[in-house]
Amino acid sequence: MNKKLGHLIIWQHAPLLIGMLILFIALGAWTGFRMNQHWQMLDQNHDMLISGLKYDHRRQLLANLRVGSNVEPNDFLWGISILVGIALIAIPRYRHQNEWLQSLGFRRAAIFGATFLSYSLTTIIAYSLAKLMVLLVLVQNIPGIYFAQFNWWVWGGNVISTTLVALILMTASALVLLVTPNLVMAMLVGYAVVKPISWFVLIRSFGQPGNYLLAFLNQHWLLGIAIGCLVWGLGGILGRYLSAQQTTERNRQAILLPAWRVPMLIGLSIILTKLITDVMLAPQTSWSYVAVVWSATLIGLIAWIYQPRWSRYFWQVVRQLR
């Protein structure tokens, strides 16, 4: 990475990058205090819990089955990671920061690469600090006997797993914004990839899996990490390629790159159909209902992406309401 370009990128994005570090440290401390409160509440009943309450490297905080458990949450951190990926593209786009860097002679792909690297490194540091803050709060407030099963290597593996998921989510939402300026679509795609990515790199955190693929990955955690790193790296390469094709005059179009209209149409229709059927329909929904939902979703996306003549009046109304 060009050092001058890297310094300019960090200077431009410094408020957000510093804010990420502060936010993640604060969330880590808050999570630690919440987990400690739950721990102390359970530990007060020694007759019920003295033999079952412990710190476990798989689930972080575990009680026995009679009272349930309190697990270190990652969902809200991953949600922030999706927003970080959106900010990676949206802030420079709407503040015209990249155009200024281009006027200095830097190429679009190089600008994206430097920005992507800066956000990735900040995410790695922020997640590590958040996890360390959780651990520090628990160690300071919980007797050492409960940490008899603690292992730094396993804890470090958990940090690597969750951080890698965050990086992939950041990359996914950033890639979507390189193809479409629609923020909602970026968030939907990020949400949709959480579960499949977690399957590959979080097996060590979630215990025994329920099918043969996950059982295999549970025994080969490094393979899952390798797959996750490959996805993240390929995402960065694809981002450089997509950013090189960006033009400012297309910023108001539904799909910024015409060649990606069909892939986005197919991909988004599958994702939206899955989300709609999961949320609105029963788990035993027949394929005929799924086909109807998919068809309706496809028609709506065609109207949004291609804006055919029959839908133009609707989009005119939408623009006037904005």
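1. In this predicted model, helix H3 passes helix H5 in a right-handed crossing. The two helices, H3 spanning residues 75-94 and H5 spanning residues 108-141, pack at an angle of about 160 degrees, and their axes lie 10 Å apart. Angles over 145 degrees count as roughly antiparallel, and H3 and H5 are therefore roughly antiparallel to each other.

2. On the H3 side, the contact is made by Leu 77, Trp 78, Ser 81, Val 84, Ala 87, Leu 88 and Ile 89, while H5 contributes Phe 112, Thr 115, Phe 116, Tyr 119, Thr 123 and Tyr 127. Sorted by character, the residues of this contact comprise ten nonpolar, three polar and no charged.

3. The loop between H3 and helix H4 (97-103) holds His 96, and the backbone there deserves a look, since His 96 has a positive phi of about 55 degrees although it is not a glycine.

4. Helix H10 covers residues 221-244, and because each residue should add 1.5 Å, its 24 residues should span 34 Å, which agrees with the 35 Å between its end C-alpha atoms. The buried residues of H10 are Trp 221, Gly 224, Ile 225, Gly 228, Gly 235, Gly 236, Gly 239, Leu 242 and Ser 243. As background to such a list, an α-helix has 3.6 residues a turn, so residues three or four places apart point the same way.

5. Regarding the chain as a whole, the protein contains 13 helices and zero strands, and 45% of its 322 residues count as buried. Among contacts between residues at least 6 apart in sequence, 75% join residues at least 24 apart.

Key: Residues numbered from 1 in each chain as written. Predicted model: local features only at pLDDT ≥ 70, side-chain atom pairs only at ≥ 80, totals over all residues. Heavy atoms only, no water. Helix = DSSP H or I, 4+ residues; strand = E, 2+ residues; numbered from the N terminus. Expected span 1.5 Å × (residues − 1). Buried < 20%, exposed > 50% of the residue type's maximum accessible area, 1.4 Å probe, protein only. Axes fitted to C-alpha atoms, helices over the stretch in contact; angles between N-to-C directions. Parallel < 35°, antiparallel > 145°, perpendicular 65-115°, else oblique. Left-handed = near helix turned anticlockwise from the far one by under 90°. Contact = heavy atoms within 4.5 Å. Nonpolar A, V, L, I, M, F, W, Y, C, P; charged D, E, K, R; others polar.
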